[in-house]
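Good morning. Please look at the structure on the screen while I go through how its strands are arranged.

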Amino acid sequence: MKTKRSFLPLRLAVATVLTLFFVFSLATNAENSPVSIESKNVSTIQTDIQNAINSAESGGIVTVTGSKTGADATLNLSIPEGVTVLWQAEYADNGLFTSGLISLSGAGTFEVGAGGSISSSSSRSSNSINIYSQSNNITITVSDAGKVQTTGDCAIYTTGSISITGGEVSATSGTAIIP
């Protein structure tokens, strides 16, 4: 007498493996997927980046890519401890902007890395700052070929920690870094 073999355990094992693979890939993409700033206004850029930051778990990296010229408002980002925003985008003001281009809060890390640049051509105000943070716990890093440049008073102002491991930080008419 022949017995039928059940393939149910094999089917369940394959279904479990595929489900775990799918769930793991979704979690990884939420933490490490790039956020493009291409062809967006400052408000939309802020919302998209902050949503990615809020979705990232500790140890997660939010990579910002693309290009935005003509920024006309402050980009406010709150980065929690354990999360890194890796800025690989080109971001420039409209030449008339007289406030902080990017304002950071929280206890995470903001890194301007390879391909990343934050530039201001505004010299209309003594308040023109590219990256601004009064959070003692934030870490700002400029690495690889990252650039933070201003023709105004200050490229980076922070009360947190700053690390320049490569790249360029410059201010034409003021102080490049005010720690």
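I will take the two sheets in turn. This is a predicted model, in which local features need pLDDT of at least 70, side-chain atom pairs count only at pLDDT 80 or more, and totals for chains, interfaces and linings use all residues. Residues are numbered from 1 along each chain as its sequence is written, and side-chain values use heavy atoms, with hydrogens and water left out.

Some terms. A strand is a DSSP run of E of at least two residues, numbered from the N terminus. Two strands pair if DSSP finds at least two bridges between them. In general, strands of a sheet pair through backbone hydrogen bonds, either parallel or antiparallel.

Now the six-stranded sheet. This sheet is open, its order is 1-2-5-8-11-14, and the pairing is parallel. Strand 1 (34-36) and strand 14 (161-164) are at the edges with a single partner strand each, so one side of each has no neighbour in the sheet. Neighbouring strands here are turned by 20 degrees against each other on average, direction ignored; the axes are lines fitted to C-alpha atoms, and angles run from 0 to 180 degrees between N-to-C directions.

At one of those edges, strand 11 (residues 139-142) pairs with strand 14 in the parallel sense, over four bridges. Which residue of strand 14 is the bridge partner of Thr 139? That is Ser 161.

Next, the sheet of five strands. It is also open, with the order 4-7-10-13-16 and parallel pairing. Strand 4 (75-79) and strand 16 (175-178) stand at its edges; each has a single partner strand, so one side of each lacks a neighbour in the sheet. The twist averages 10 degrees from one strand to the next.

Strand 13 (residues 154-158) runs parallel to strand 16, and three bridges join them. Tyr 157 has Ile 178 in strand 16 as its bridge partner.
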